[in-house]
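Q: Please take a close look at one strand in this model. With which neighbours does it pair, and how is it placed in the rest of the structure?

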There are 2 protein chains.
Amino acid sequence: MTMDMTFLGTGSAYPSPHRGASALVLRAEGECWLFDCGEGTQTQLMRSQLRAGRITKVFISHLHGDHVFGLPGLLCTVSLNTNPSSVQDQPCVEIYGPRGLRHFLRVTLGLTGSQLLFPYAVHELEPTLDQSPPEGQLSHEMTTESGPLHPQEQPGRSICLDASSDCYLLFEDKKFVVRAFRLFHRVPSFGFSVQEQDRPGRLKTELLKELGLKPGPLYGRLKAGQSVTLDNGRVVLPSEVLEDPIPGRKVCILGDCSSVLGEGPLKACNRADILVHEATLGDEHHEKAVEHGHSTPKMAAAVAQACCARRLVLYHFSQRYKPCALQKEGDDDDVVELQRQAEDALDGSGIEVTLAEDFFTLPIPLRRPQ
Amino acid sequence: MTMDMTFLGTGSAYPSPHRGASALVLRAEGECWLFDCGEGTQTQLMRSQLRAGRITKVFISHLHGDHVFGLPGLLCTVSLNTNPSSVQDQPCVEIYGPRGLRHFLRVTLGLTGSQLLFPYAVHELEPTLDQSPPEGQLSHEMTTESGPLHPQEQPGRSICLDASSDCYLLFEDKKFVVRAFRLFHRVPSFGFSVQEQDRPGRLKTELLKELGLKPGPLYGRLKAGQSVTLDNGRVVLPSEVLEDPIPGRKVCILGDCSSVLGEGPLKACNRADILVHEATLGDEHHEKAVEHGHSTPKMAAAVAQACCARRLVLYHFSQRYKPCALQKEGDDDDVVELQRQAEDALDGSGIEVTLAEDFFTLPIPLRRPQ
Ligand SMILES: [Zn+2]
Ligand SMILES: [Zn+2]
Ligand SMILES: [Zn+2]
Ligand SMILES: [Zn+2]
């Protein structure tokens, strides 16, 4: 099963002609999951090879405009691309984000008379009081929805921090477990951990043939973990005929932050194949970065190291950093320098560092059986 | 005094890489006035030669997403470009639009924790019940602002239709009178008429010299309409020494519509130098256009003719019409055909037709004294 990630916007604060505002798409099993949706994301999607209509889940890390202003328009355009004759079959678009997101969507879609050809639900993460300075917290008055649901809105859940895991469990199905965890930023911000479920190893076909089992439905039962009794009474256990299981991949995407909060993030990101972390400003601007609730490459590297990630991907660059392709000899701010700073900090750790650029696609290869 | 208009987005329904969503800037006397602000307008502004920081007034024709989703982000980015040391001197950004716009901005700016370095005020136009089908009207429940003003919000006015003029008077100062008028669309939609005040004619300098008056402060008094008494007791009247006044220009910008409502629009647009009118679909799609509350070139031409405009500018094209530069031989939908349809309808009228494209700038020359 292929899995990859495409960055639609890698700029911070606002979209520019050179860098879109925050947005990336994780593709797995034919589904597209969108992480953050700054203004202009729908246009970036059109410029990319991805199809907006395939977005089934949306995750919003925090309610800053450069991460959410594009969401109402994106939903409207996805709806315009929906075949009106298949409205009955449209799955609900599940949207996860901080408390306040439901009200944001209800008001923006409602006042603009936006009707969608699919249902949506907003599942809100309840922040804790230490997740931002007090002035960054939204009052309950501001986030309480008055009036009826939007016509296409389905009731969403309110998800609280699970104290034992220090995480928010967003959902778990046969393929994935997705969790959120707390970050410290100017407003409550979250990271997301997408954990693919382990999958059974390959069948030892030679052995099966020796046992007299031919390809057919029994193969499927064995692969599904059920034992099979042969005509001669011999019971074949899945563990006999299956290779080692294929460990699921783990992709972690962190929103804006100057630090992580509690043990949750490190646990949720432990041994991540990919850790996507912001690096708004270079190490030489450490103080300014922290003052604005942001990170430098060195800070991102420390998180990658603490959770033993395999690859650190940097994004959310200040608009002062031009994309490599537009970089000129002698430019003061060189985005490649951000990569070097992270690499220096990770020297000897074996953790690789990648710079994200708009429209960059990162394949996420299967793990080998352990 | 130079005056011009730059189109930042000429597409309907949503922004695409080829056509931005609705937005245009009228420049006069060093001020920039923004008309509509679809998603991506701030990025289109950056791509243009205009400076976002100069925007002092915003006019929103109606609350469809393709005309308003870019406004919160644009305000945030203008603020980021504001010099923090000149915060005291920042003029209030005056925003005009339909009822509901104030709530839209308060919620979007509020939930995203967006602080602005300048004050803003939203002056709401109260629609009438016949301005859209009933389902397009916003309930008072949806538009009633609860809670306090946004920290940078100043109280705005609520402007009702003036029955005698069938118009909304937005403001009048020494340079301009700006009015709004009603259009019929799926939701309440408005047009705007920007009328420059007439200005005194040039001084007849030869005559002044004959009278013994030398260039100096007295020239200014005459030009300002005051009479001047010479040393010999002779009273010089402004009318004696001024050429005919220079009539003010008139620019009218209509939001989405399939027709105008009442006498207001025709009065407000009478003899407009420029009439900007939507032409979402070609004449062959008349039925579909009207069904969606939109116009065809022929319909736009009829409005231009009814108000004796000098030039009709078409915009808000369905995204099926590619810009001329990207048009290929044999393409089904040809935007130039829209121009031809309007020209055919206006044959013999002397009204010129212009197609707007993204980043197209139209100079608006001074009128000659009549
Ligand atoms: Zn950000
Ligand atoms: Zn942020
Ligand atoms: Zn429109
Ligand atoms: Zn509209």
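**Strand β3 of chain A and its surroundings**

A: In this predicted model, strand β3 of chain A and strand β4 (residues 55–59) of chain A run parallel and pair over four bridges. Within this pairing, A:F35 stands opposite A:F59, a residue of β4(A).

β3(A) also pairs with strand β2 (residues 23–28) of chain A, here in the antiparallel sense and through five bridges. One of the partnerships between β2(A) and β3(A) joins A:A28 to A:E31. β2(A) and β3(A) together form a hairpin, with two residues between the strands. A:E29 lies in the turn of this hairpin and has a positive phi of about 55 degrees.

The surroundings of the strand may now be considered. β3(A) covers residues 31–35, and four of these five residues are buried, so the strand is largely enclosed by the rest of the structure. As a general principle, side chains in a regular strand alternate between the two faces of the sheet.

The range of β3(A), residues 31–35, takes in position 32, where the residue is a cysteine, A:C32. A:C32 is buried, with a relative accessible area of 4%. A disulfide requires two cysteine sulfur atoms within 2.5 Å, and by this rule there are zero disulfides over all chains. For A:C32, the nearest cysteine sulfur belongs to A:C37 and is 13 Å away, and A:C32 is in no disulfide. A cysteine of chain B offers a second case: B:C307 is likewise in no disulfide, and the nearest cysteine sulfur, that of B:C269, is 4.9 Å away. B:C307 is buried as well, with a relative accessible area of 0%.

Chain B also provides an example of parts joined by a metal rather than by strand pairing. There, the zinc ion (ligand 4) is coordinated by B:H62, B:H64, B:H185 and B:D256, at 2.2 to 2.3 Å. The angles among its four donor atoms span 87 to 169 degrees, and the site is irregular. B:D256 bridges this zinc ion and the zinc ion (ligand 3), and the two ions lie 3.4 Å apart. B:H64 lies in the loop between β4 and α2 of chain B and B:H185 in the loop between β10 and β11 of chain B, so this pair ties together parts that are 121 residues apart in sequence. Both B:H64 and B:H185 are buried.

Note on methods:
Residues numbered from 1 in each chain as written. Chains lettered and ligands numbered in written order. Predicted model: local features only at pLDDT ≥ 70, side-chain atom pairs only at ≥ 80, totals over all residues. Heavy atoms only, no water. Donors = N, O, S within 2.8 Å, 3.2 Å for Na, K, Ca; no water. Tetrahedral: all angles 85-135°; square planar, octahedral: opposite > 155°, others 65-115°. Buried < 20%, exposed > 50% of the residue type's maximum accessible area, 1.4 Å probe, protein only. Pairing = 2+ DSSP bridges.
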